[in-house]
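Reader: Hi! I have a structure open here and would love to talk it through with you. Could you help me find my way around?

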Amino acid sequence: MSLLHTPPNRPTSTSVQLMTTCLCDAFYADVAQATVEVLEFLGCDIELPEGQTCCGQPAFNAGDWESSRKVVRHMVKTFTGDKPVIVPSGSCAAMVFHGAPLAFEKEADLPEIQALANRTWELADFIVHGLGITEWPGKLKANMTFHRSCHLRGSRSPEAVATLFNSIEDLTVQPIDEVEQCCGFGGTFSVSFPNISEKMGELKIENLVACKPDIVGAADMGCMMHFGGMMDKRGLKTKRLHLAQILRDSLKNAGKI
């Protein structure tokens with residue numbers, strides 16, 4: 001039995017829709033911009049549906065599935081058609097292709113929800129397993145560690161991230177201890193259980209900075225917001241970049257864009 005949560009046979013067209021995520025919209029516009037630049041470099045024609053809001057995960061994780069379903073239904077009305085939907089977040093992508101179908105198991109409109117799930121990709125997963133890109137023509141002289149967020153589990157994103165990073169010239173990615181350890185954010189988890197969340201975040205930071213990296217990378221800005229804020233509080237100035245920013249910046253260094 002496959003342990004993958006990602007739907008099989010997802011569309012792989014270069015004509016795509018981009019779900020920027022609410023965190024990028026509100027706080028991390030450069031991550032969304034970097035995602036656009038990376039997809040354009042790959043020859044993608046990008047559609048950015050207006051009116052997109054949230055994937056519904058905060059309410060889903062809090063157990064308020066009725067509120068979550070309202071948000072998901074809005075998302076389905078926003079991302080119409082049959083193009084691949086690309087998300088620069090393992091967490092939001094997993095909510096669409098795994099969490100949302102669970103929340104709609106007994107709902108009449110499950111087929112519509114599943115149809116959106118079936119064409120949704122996390123960014124690195126799409127680049128490697130959707131477009132077949134196994135070499136990234138970038139250059140980035142840095143020693144980096146990478147936070148593998150919980151919601152990358154059950155997908156092929158971790159191997160896709162490794163494939164891309166390992167091919168970037170001059171980039172060294174250092175392994176970290178307890179790589180599967182959660183950062184402690186978990187959206188509403190950090191609000192409901194702040195003390196546990198903080199302790200988990202401290203452990204994650206210790207592992208991420210143990211080798212004194214130049215860059216701490218991640219594929220989820222929710223995680224980065226959590227442990228990044230704790231790093232700021234500790235006075236740790238290590239540069240933090242999203243996957244899309246690393247890919248984009250390495251292309252610029254190599255003179256590709």
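Reader: Let's start with α5: is that helix largely enclosed or not enclosed by the rest of the structure?
Author: Happy to help. This is a predicted model, and in it twelve of the 14 residues of α5 are buried, so the helix is largely enclosed by the rest of the structure.

Reader: Which residues of α5 are buried?
Author: Among them are Gly90, Ser91, Cys92, Ala93 and Ala94. Met95, Val96, Phe97, Gly99, Ala100, Pro101 and Ala103 are buried as well.

Reader: And what do the buried residues of α5 pack against?
Author: Their neighbours are the helices α3 (57–61), α4 (65–78) and α6 (110–117), along with strands β3 and β4.

Reader: Where is the kink in α5 centred?
Author: On Val96, where the kink is about 40°. Val96 is also one of the buried residues. From its first C-alpha to its last, α5 (residues 90–103) reaches 18 Å, close to the 20 Å expected at 1.5 Å a residue.

Reader: Nice. Now the sheet with β3 and β4 in it: what is the strand order?
Author: The order is β2-β1-β3-β4, an open sheet of four strands with parallel pairing. β2 (45–47) and β4 (120–122) each have a single partner strand, so one side of each is left without a neighbour in the sheet. On average, neighbouring strands there are turned by 35° against each other, direction ignored.

Reader: How many bridges join β1 to β2?
Author: Three, with β1 (residues 15–18) running parallel to β2. Ser15 stands opposite Asp45 of β2.

Reader: Which strands does α2 lie across?
Author: Helix α2 (residues 29–41) lies across β1, β2 and β3 (85–87), and runs at about 175° to β1.

Reader: Quick detour to Asp82. Buried or exposed?
Author: Asp82 has 62% relative accessibility, and the cut-off for exposed is over 50%, so Asp82 counts as exposed. You'll find Asp82 in the loop between α4 and β3.

Reader: What does Asp82 touch?
Author: Leaving out residues up to four places away in sequence, Asp82 touches Pro11 and Arg119. As for Gly186, its C-alpha is separated from that of Asp82 by 31 Å, and the two residues are 104 apart along the chain.

Reader: OK, over to β5. How many of its nine residues are buried?
Author: Seven, so to speak of β5 (residues 139–147) as mostly covered is fair.

Reader: Which strand is joined to β5 by four bridges and holds the partner of Asn143?
Author: That is β6 (residues 169–173), which runs parallel to β5. Thr172 in β6 is the bridge partner of Asn143, and Lys139 stands opposite Glu169 in β6.

Reader: How does the chain cross from β5 to β6?
Author: Through helix α8 (residues 157–166), in a right-handed β-α-β crossover.

Reader: And what about the pairing of β5 with β7?
Author: β5 and β7 (residues 215–218) pair in the parallel sense over four bridges. Met144 has Ile215 in β7 as its bridge partner.

Reader: What is the order of strands in that sheet?
Author: β6-β5-β7-β8, again an open sheet of four strands with parallel pairing. β6 and β8 (239–242) stand at the edges with a single partner strand each, so each has one side without a neighbour in the sheet. The twist from one strand to the next averages 35°.

Reader: Last one: which strands does α12 lie across?
Author: Helix α12 (residues 243–253) lies across β5, β7 and β8, at about 95° to β8.

How values were computed: Residues numbered from 1 in each chain as written. Predicted model: local features only at pLDDT ≥ 70, side-chain atom pairs only at ≥ 80, totals over all residues. Heavy atoms only, no water. Buried < 20%, exposed > 50% of the residue type's maximum accessible area, 1.4 Å probe, protein only. Helix = DSSP H or I, 4+ residues; strand = E, 2+ residues; numbered from the N terminus. Pairing = 2+ DSSP bridges. Right-handed = clockwise from strand over helix to strand, strands pointing away. Axes fitted to C-alpha atoms, helices over the stretch in contact; angles between N-to-C directions. Contact = heavy atoms within 4.5 Å. Expected span 1.5 Å × (residues − 1). Bend = angle between axes of the 7 residues up to and from the residue.
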